[in-house]
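Here's a quick walk through one model, helix by helix and charge by charge. Have a look at it first, then read on.

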Amino acid sequence: MALEWVVLGYAAAAEAIMVLLLTIPGLDGLRRGLIAVTRNLLKPFLSVVPFCLFLLMDIYWKYETRPKCEADSCTPTEHLRHQKSIMKSQRNALLIASALVFYWLLYSVTNLVVKIEQLNQRVERLKNKD
(Lines give C-alpha, C1' and ligand atoms only; values in the text may rest on other atoms or scores of the structure.)
Protein backbone atom coordinates (compact mmCIF):
# COMPACT_ATOMS: atom_id res chain seq x y z
CA MET A 1 0.00 0.00 0.00
CA ALA A 2 2.94 2.37 0.38
CA LEU A 3 3.80 2.38 -3.33
CA GLU A 4 0.87 4.58 -4.33
CA TRP A 5 1.88 7.16 -1.72
CA VAL A 6 5.43 7.18 -3.08
CA VAL A 7 4.11 7.65 -6.63
CA LEU A 8 1.83 10.47 -5.48
CA GLY A 9 4.70 12.11 -3.61
CA TYR A 10 6.94 11.99 -6.68
CA ALA A 11 4.15 13.39 -8.86
CA ALA A 12 3.56 16.26 -6.42
CA ALA A 13 7.30 16.94 -6.24
CA ALA A 14 7.60 16.98 -10.04
CA GLU A 15 4.66 19.39 -10.28
CA ALA A 16 6.19 21.65 -7.62
CA ILE A 17 9.57 21.71 -9.40
CA MET A 18 7.94 22.58 -12.73
CA VAL A 19 5.93 25.39 -11.11
CA LEU A 20 9.12 26.76 -9.54
CA LEU A 21 11.05 26.60 -12.80
CA LEU A 22 8.23 28.33 -14.67
CA THR A 23 8.00 31.16 -12.15
CA ILE A 24 11.69 31.85 -11.46
CA PRO A 25 12.70 35.07 -13.21
CA GLY A 26 15.72 35.11 -15.50
CA LEU A 27 15.26 31.70 -17.11
CA ASP A 28 13.88 33.01 -20.41
CA GLY A 29 15.97 30.71 -22.59
CA LEU A 30 14.99 27.65 -20.60
CA ARG A 31 11.38 28.72 -20.19
CA ARG A 32 10.34 28.10 -23.82
CA GLY A 33 11.48 24.50 -23.72
CA LEU A 34 10.01 24.06 -20.26
CA ILE A 35 6.66 25.42 -21.43
CA ALA A 36 6.58 22.85 -24.23
CA VAL A 37 7.47 20.03 -21.86
CA THR A 38 4.96 21.17 -19.25
CA ARG A 39 2.13 21.51 -21.78
CA ASN A 40 2.84 17.97 -22.97
CA LEU A 41 2.87 16.66 -19.39
CA LEU A 42 -0.37 18.31 -18.27
CA LYS A 43 -2.58 15.60 -19.74
CA PRO A 44 -0.66 12.68 -18.21
CA PHE A 45 -0.53 14.52 -14.88
CA LEU A 46 -4.32 14.86 -15.03
CA SER A 47 -4.42 11.21 -13.95
CA VAL A 48 -3.33 12.49 -10.52
CA VAL A 49 -6.85 13.80 -9.90
CA PRO A 50 -8.77 10.47 -10.04
CA PHE A 51 -5.82 8.78 -8.31
CA CYS A 52 -6.13 11.28 -5.45
CA LEU A 53 -9.86 10.70 -5.25
CA PHE A 54 -9.27 6.95 -5.06
CA LEU A 55 -6.72 7.41 -2.27
CA LEU A 56 -9.07 9.77 -0.45
CA MET A 57 -11.78 7.11 -0.56
CA ASP A 58 -9.21 4.62 0.74
CA ILE A 59 -8.45 6.89 3.71
CA TYR A 60 -12.17 7.30 4.39
CA TRP A 61 -12.76 3.55 4.22
CA LYS A 62 -9.87 2.90 6.62
CA TYR A 63 -11.23 5.57 8.95
CA GLU A 64 -14.72 4.04 8.97
CA THR A 65 -13.60 0.43 9.41
CA ARG A 66 -10.78 0.76 11.91
CA PRO A 67 -11.49 -0.44 15.42
CA LYS A 68 -12.38 2.27 17.88
CA CYS A 69 -10.07 2.76 20.80
CA GLU A 70 -11.92 4.67 23.48
CA ALA A 71 -11.07 5.21 27.14
CA ASP A 72 -9.95 2.00 28.90
CA SER A 73 -11.16 -0.45 26.25
CA CYS A 74 -7.71 -1.00 24.71
CA THR A 75 -4.15 -1.61 25.80
CA PRO A 76 -1.45 1.06 25.52
CA THR A 77 -0.04 -0.73 22.46
CA GLU A 78 -3.40 -0.69 20.72
CA HIS A 79 -3.87 2.96 21.67
CA LEU A 80 -0.45 3.83 20.19
CA ARG A 81 -1.29 1.93 16.99
CA HIS A 82 -4.59 3.82 16.79
CA GLN A 83 -2.79 7.17 17.16
CA LYS A 84 -0.21 6.23 14.50
CA SER A 85 -3.01 5.28 12.14
CA ILE A 86 -4.66 8.66 12.63
CA MET A 87 -1.35 10.47 12.04
CA LYS A 88 -0.70 8.52 8.83
CA SER A 89 -4.18 9.30 7.56
CA GLN A 90 -3.68 13.00 8.23
CA ARG A 91 -0.27 12.96 6.52
CA ASN A 92 -1.71 11.16 3.50
CA ALA A 93 -4.64 13.58 3.26
CA LEU A 94 -2.14 16.46 3.29
CA LEU A 95 -0.19 14.76 0.48
CA ILE A 96 -3.38 14.39 -1.55
CA ALA A 97 -4.26 18.04 -1.04
CA SER A 98 -0.77 19.19 -2.00
CA ALA A 99 -0.75 17.07 -5.18
CA LEU A 100 -4.10 18.51 -6.26
CA VAL A 101 -3.08 22.09 -5.45
CA PHE A 102 0.23 21.72 -7.28
CA TYR A 103 -1.55 20.31 -10.35
CA TRP A 104 -3.96 23.26 -10.34
CA LEU A 105 -1.06 25.70 -9.90
CA LEU A 106 0.91 24.06 -12.70
CA TYR A 107 -2.08 24.24 -15.03
CA SER A 108 -2.80 27.88 -14.16
CA VAL A 109 0.82 29.05 -14.31
CA THR A 110 1.41 27.27 -17.61
CA ASN A 111 -1.63 28.92 -19.16
CA LEU A 112 -0.58 32.32 -17.85
CA VAL A 113 2.98 31.94 -19.13
CA VAL A 114 1.69 30.89 -22.56
CA LYS A 115 -0.61 33.94 -22.67
CA ILE A 116 2.26 36.21 -21.63
CA GLU A 117 4.45 34.76 -24.40
CA GLN A 118 1.68 35.32 -26.95
CA LEU A 119 1.18 38.91 -25.78
CA ASN A 120 4.94 39.56 -25.94
CA GLN A 121 5.00 38.25 -29.50
CA ARG A 122 2.05 40.47 -30.40
CA VAL A 123 3.80 43.51 -28.90
CA GLU A 124 6.97 42.71 -30.86
CA ARG A 125 4.97 42.40 -34.09
CA LEU A 126 3.29 45.74 -33.42
CA LYS A 127 6.63 47.40 -32.68
CA ASN A 128 8.14 45.98 -35.88
CA LYS A 129 5.09 47.09 -37.85
CA ASP A 130 5.47 50.70 -36.73
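Is Tyr10 buried or exposed? Keep in mind that this is a predicted model. Tyr10 comes out as exposed, since its relative accessible area is 61%, and the cut-off for that label is over 50%. The residue sits in helix H1. Tyr10 also has company at the surface: together with Leu3, Val6 and Val7 it makes a nonpolar patch of about 430 Å².

**Helix H1 and its two sides**

H1 runs over residues 2–23, and its geometry is easy to check: 22 residues at 1.5 Å each should give a span of 32 Å, and the C-alpha atoms at the two ends are indeed 32 Å apart. Now for the side chains. The buried set in H1 is made up of Glu4, Trp5, Leu8, Ala11, Ala12, Glu15, Ala16, Met18, Val19 and Leu22. These residues take up an arc of only 165 degrees around the axis, so they are on the same side of H1. Over on the other side you'll find exposed residues, namely Ala2, Leu3, Tyr10 and Leu20.

What sits on top of that buried side? The cover for the buried residues of H1 includes helix H2 (28–45), helix H3 (48–65) and H4.

**Salt bridges**

Side chains of opposite charge can pair when their charged atoms come close. Searching the whole structure turns up three salt bridges. Here they are, with the N to O distances:

| Acid | Base | Closest N to O |
|---|---|---|
| Asp28 | Arg31 | 3.0 Å |
| Glu117 | Arg32 | 3.7 Å |
| Asp58 | Lys62 | 3.5 Å |

Let's start with Asp28 and Arg31. Both belong to helix H2, and because they are three residues apart there, about one helical turn separates them. Their surroundings aren't alike: Asp28 is exposed at 54% relative accessible area, whereas Arg31 is buried at 11%.

Asp58 and Lys62 make a similar story in helix H3, where they are four residues apart, or about one turn of the helix. Here Asp58 is buried, with 13% relative accessibility, while Lys62 counts as partly exposed at 35%.

Which helices does the remaining pair, Arg32 and Glu117, come from? The side chains of Arg32 and Glu117 meet at 3.7 Å, N to O. Arg32 belongs to helix H2 and Glu117 to helix H4, so this salt bridge ties together parts that lie 85 residues apart in sequence. Arg32 is exposed, its relative accessible area being 59%, and Glu117 is partly exposed at 22%.

**A histidine in H4**

Last stop: His82, in helix H4, which covers residues 76–129. With a relative accessible area of 14%, His82 is buried, because anything under 20% gets that label. So what is around it? Setting aside neighbours within four places in sequence, His82 is in contact with Arg66, Pro67 and Cys69.

**Pulling it together**

H4 shows up in several places here: it helps cover the buried residues of H1, it holds the Glu117 end of a salt bridge to H2, and it carries the buried His82. H1, for its part, has its buried residues on the same side, with Tyr10 among the exposed residues on the other.

Conventions:
Residues are numbered from 1 along each chain as its sequence is written. This is a predicted model: local features need pLDDT of at least 70, side-chain atom pairs count only at pLDDT 80 or more; totals for chains, interfaces and linings use all residues. Side-chain values use heavy atoms; hydrogens and water are left out. Buried means under 20% relative accessible area, exposed over 50%, partly exposed in between (1.4 Å probe, protein chains only). Contact means heavy atoms within 4.5 Å. The expected span of a helix is 1.5 Å times one less than its number of residues. The arc is that of the directions from the helix axis to the C-beta atoms. Patches are made of residues with over 30% relative accessible area and no salt bridge: like charges are joined within 9 Å, nonpolar side chains (Val, Leu, Ile, Met, Phe, Trp, Tyr) within 5 Å. Accessible areas come from the Shrake-Rupley method with a 1.4 Å probe; for residues, only the protein chains shown count as cover. A salt bridge is a side-chain nitrogen of Lys or Arg within 4 Å of a carboxyl oxygen of Asp or Glu.
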